[in-house]
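Thanks for making time this morning. I have one model to go through, and I will keep to a few local features.

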Amino acid sequence: MAKKIPIRMCVGCRTMKEKRELVRVVRAEDGSARLDLTGKMNGRGAYICPDEQCLKRAVKSRALERALETSVSSEVMAELSDRIAALSSKGEGDA
């Protein structure tokens, strides 16, 4: 019997993808938003594709903030942008 693969929705493009393909942002217990590199932090999570266009769309529509039910600081947004840029360039090198 095959193991079930968790599927999550990107808040930017709203497409369903495997959880491990997405970047997770979590609202911690203190109410702050943080980047979750392990995917295991406690708190309310939102997922976004490692694509700059999805991030731009999520920022413009405030989808990330709505999903987390809190404001996302500029530091977290910069860290998320850097992480997505690194993942995008890594993916292009594999092709």
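Val-25 has its bridge partner in strand 4, and that partner is Leu-35. This is a predicted model, so please take each value I give as computed from the prediction. A second pair belongs with the one I just named: the bridge partner of Arg-24 in strand 4 is Asp-36. Together, strand 3, residues 23-27, and strand 4 pair over 4 bridges, in the antiparallel sense.

Now the connection. Strand 3 and strand 4 form a hairpin, with 5 residues between them. Gly-31 sits in that turn and has a positive phi of about 95°. In terms of elements, Gly-31 belongs to the loop between strand 3 and strand 4. Is Gly-31 buried or exposed? Neither term fits, because its relative accessibility is 29%, which counts as partly exposed. For scale, take Gly-31 and Lys-56: they are 25 residues apart in sequence, and their C-alpha atoms are 23 Å apart in space.

Next, the sheet as a whole. The hairpin strands belong to an open sheet of 3 strands, with the order 4-3-5 and antiparallel pairing. Which strands are at the edges? They are strand 4, residues 33-36, and strand 5, residues 44-48, each pairing on one side only. On average, neighbouring strands of this sheet are turned by 30° against each other, direction ignored. As a reminder, strands of a sheet pair through backbone hydrogen bonds, either parallel or antiparallel.

Let me go back to Asp-36, in strand 4. Its relative accessibility is 4%, so Asp-36 counts as buried; the cut-off is under 20%. What does the side chain of this buried residue contact? One contact is with its bridge partner Arg-24: a polar contact of 2.5 Å joins the two side chains. The side chain of Asp-36 also reaches the backbone nitrogen of Gly-39, at 2.9 Å.

Gly-39 takes us to the largest pocket. The volume of this pocket is about 300 Å³. Its lining has 18 residues, and those nearest the centre are Lys-19, Arg-20, Leu-22, Leu-37 and Gly-39. Strand 3 and helix 3, residues 74-94, are the elements that give two or more residues to this lining. By residue class, the lining divides into 8 nonpolar, 2 polar and 8 charged.

Last, two backbone angles. Most residues other than glycine have a negative phi, and most peptide bonds are trans. Against that background, Arg-14 has a positive phi, near 60°. Arg-14 is in the loop between strand 1, residues 7-9, and strand 2, residues 16-18. With 59% relative accessibility, Arg-14 counts as exposed. Glu-69 also has a positive phi near 60°, and it is a residue other than glycine. Where is Glu-69? It lies in the loop between helix 2, residues 63-68, and helix 3. Its relative accessibility is 53%, so Glu-69 counts as exposed.

To recap, Asp-36 is buried, and its side chain has a polar contact with the side chain of Arg-24. Arg-14 is exposed, and Glu-69 is exposed. That is where I will stop.

Notes: Residues are numbered from 1 along each chain as its sequence is written. This is a predicted model: local features need pLDDT of at least 70, side-chain atom pairs count only at pLDDT 80 or more; totals for chains, interfaces and linings use all residues. Side-chain values use heavy atoms; hydrogens and water are left out. Two strands pair if DSSP finds at least two bridges between them. Axes are lines fitted to C-alpha atoms, for helices over the stretch in contact, and angles run from 0 to 180 degrees between N-to-C directions. On a 1 Å grid over the protein atoms alone, a cavity is a set of points where a 1.4 Å probe fits but cannot get out, and a pocket is an open set with protein on both sides within 12 Å along at least five of seven lines; lining residues have an atom within 4 Å of a point. Grid points are joined across faces, edges and corners, and a volume is the space filled by probe spheres set on the points. Ala, Val, Leu, Ile, Met, Phe, Trp, Tyr, Cys and Pro count as nonpolar, Asp, Glu, Lys and Arg as charged, and the others, Gly among them, as polar. Buried means under 20% relative accessible area, exposed over 50%, partly exposed in between (1.4 Å probe, protein chains only). A polar contact is a pair of N or O atoms within 3.5 Å; within protein, one must be able to donate a hydrogen and the other to accept it, and residues adjacent in sequence count only if both atoms are side-chain atoms.
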